[in-house]
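The following exercises are to be worked with the sequence and the coordinates at hand. Each task is followed by a solution in steps.

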Amino acid sequence: MYAEGEAKKMGVVGWVKNTRQGTVTGQVQGPEDKVNSMKTWLSKVGSPSSRIDRADFSNEKTISELEYTNFSVKY
């Protein structure tokens, strides 16, 4: 819920999902500077009840067209 609100403020699209292992997975798309801002928020701030031990970002690539129209939380 907090990630969704932050993503909408920053102007990025994609999704996040809590895993059974207590981690978060997801995908963020948008202009590079906004994606970087979201990555910083995810790795340093997160939701009020979260404990962030480490943030790993992988499979980063440049895309020509956004695959999502909004940001959502998957369950």
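In which loop does Gly-46 lie? The model is a predicted one, and Gly-46 lies in the loop between α2 and β3.

**Exercise 1. Describe the surroundings of Gly-46.**

Step 1. Begin with the backbone. Gly-46 follows α2 and has a positive phi, near 65°.

Step 2. Classify the accessibility. The relative accessible area of Gly-46 is 14%. Since buried means under 20%, Gly-46 is buried.

Step 3. List the contacts. Leaving aside residues up to four places away in sequence, Gly-46 touches Trp-41 and Ile-52.

Step 4. Relate Gly-46 to α1. Glu-6 has its place in helix α1. Gly-46 and Glu-6 are 40 residues apart along the chain, and their C-alpha atoms are separated by 9.2 Å.

**Exercise 2. Establish the order and pairing of the strands in the sheet.**

Step 1. Read the order. The open sheet has 3 strands in the order β2-β1-β3, and its pairing is mixed.

Step 2. Identify the edges. β2 (24-29) and β3 (71-74) are the edge strands, each pairing on one side only.

Step 3. Assign the sense of one pair. Strands of a sheet pair through backbone hydrogen bonds, in either a parallel or an antiparallel manner. For β1 (residues 13-18) and β2, the sense is antiparallel, over 6 bridges. Within this pair, Val-13 has Gln-29 in β2 as its bridge partner.

Step 4. Place a helix on the sheet. Helix α1 (residues 2-10) packs on the sheet and touches β1 and β3. The direction of α1 makes about 170° with that of β3.

**Exercise 3. Determine which residues of α1 are buried, and how they are arranged around its axis.**

Step 1. Select the buried residues. In α1 they are Ala-3, Glu-6, Ala-7 and Met-10.

Step 2. Examine their directions. These residues cover an arc of only 100° around the axis, which puts them on the same side of α1. The general geometry is as follows: an α-helix has 3.6 residues a turn, so residues three or four places apart point the same way.

Step 3. Examine the other side of α1. Lys-8 and Lys-9 are exposed there.

Step 4. Find the packing partners. The buried residues of α1 pack against β1, α2 and β3.

Step 5. Consider Glu-6 individually. With a relative accessibility of 16%, Glu-6 counts as buried. Not counting residues up to four places away in sequence, Glu-6 touches Met-38 and Trp-41.

Step 6. Inspect what follows the helix. Gly-11 comes after α1 and has a positive phi, near 85°.

**Exercise 4. Carry out the corresponding analysis for α2.**

Step 1. Check the length. Helix α2 (residues 32-44) has 13 residues. From the first C-alpha to the last, α2 reaches 18 Å, close to the 18 Å expected at 1.5 Å a residue.

Step 2. Select the buried residues. Those of α2 are Val-35, Met-38, Lys-39 and Trp-41.

Step 3. View α2 down its axis. The buried residues fall within an arc of 160°, so they line one face of the helix.

Step 4. Turn to the face directed away from the buried side of α2. Glu-32, Asp-33 and Lys-44 are the exposed residues carried there.

Step 5. Find the packing partners. The buried residues of α2 pack against α1, β2 and β3.

**Exercise 5. Locate Val-73 and Asn-59, and characterise each residue.**

Step 1. Val-73 is found in strand β3. Among residues over four places away in sequence, Val-73 touches Met-1, Glu-4 and Val-16.

Step 2. Compare positions along the chain and in space. Val-73 and Val-35 are 38 residues apart along the chain, with 17 Å between their C-alpha atoms.

Step 3. Asn-59 is found in the loop between α2 and β3. Its phi is near 55°, a positive value in a residue other than glycine.

Step 4. Classify the accessibility of Asn-59. The relative accessible area is 73%. Since exposed means over 50%, Asn-59 is exposed.

**Exercise 6. Relate the chain to its record.**

Step 1. UniProt, in an unreviewed entry, lists residues 1-75 for "domain: Acylphosphatase-like".

Step 2. Over residues 1-75 the chain is 29% helix and 21% strand. The end C-alpha atoms of this stretch are 11 Å apart.

Key
Residues are numbered from 1 along each chain as its sequence is written. This is a predicted model: local features need pLDDT of at least 70, side-chain atom pairs count only at pLDDT 80 or more; totals for chains, interfaces and linings use all residues. Side-chain values use heavy atoms; hydrogens and water are left out. Two strands pair if DSSP finds at least two bridges between them. Helices (H or I, at least four residues) and strands (E, at least two) are DSSP runs, numbered from the N terminus. Contact means heavy atoms within 4.5 Å. Axes are lines fitted to C-alpha atoms, for helices over the stretch in contact, and angles run from 0 to 180 degrees between N-to-C directions. UniProt positions are given in the numbering used here, feature names are shortened, and annotations may be inferred rather than shown by experiment. The expected span of a helix is 1.5 Å times one less than its number of residues. Buried means under 20% relative accessible area, exposed over 50%, partly exposed in between (1.4 Å probe, protein chains only). The arc is that of the directions from the helix axis to the C-beta atoms.
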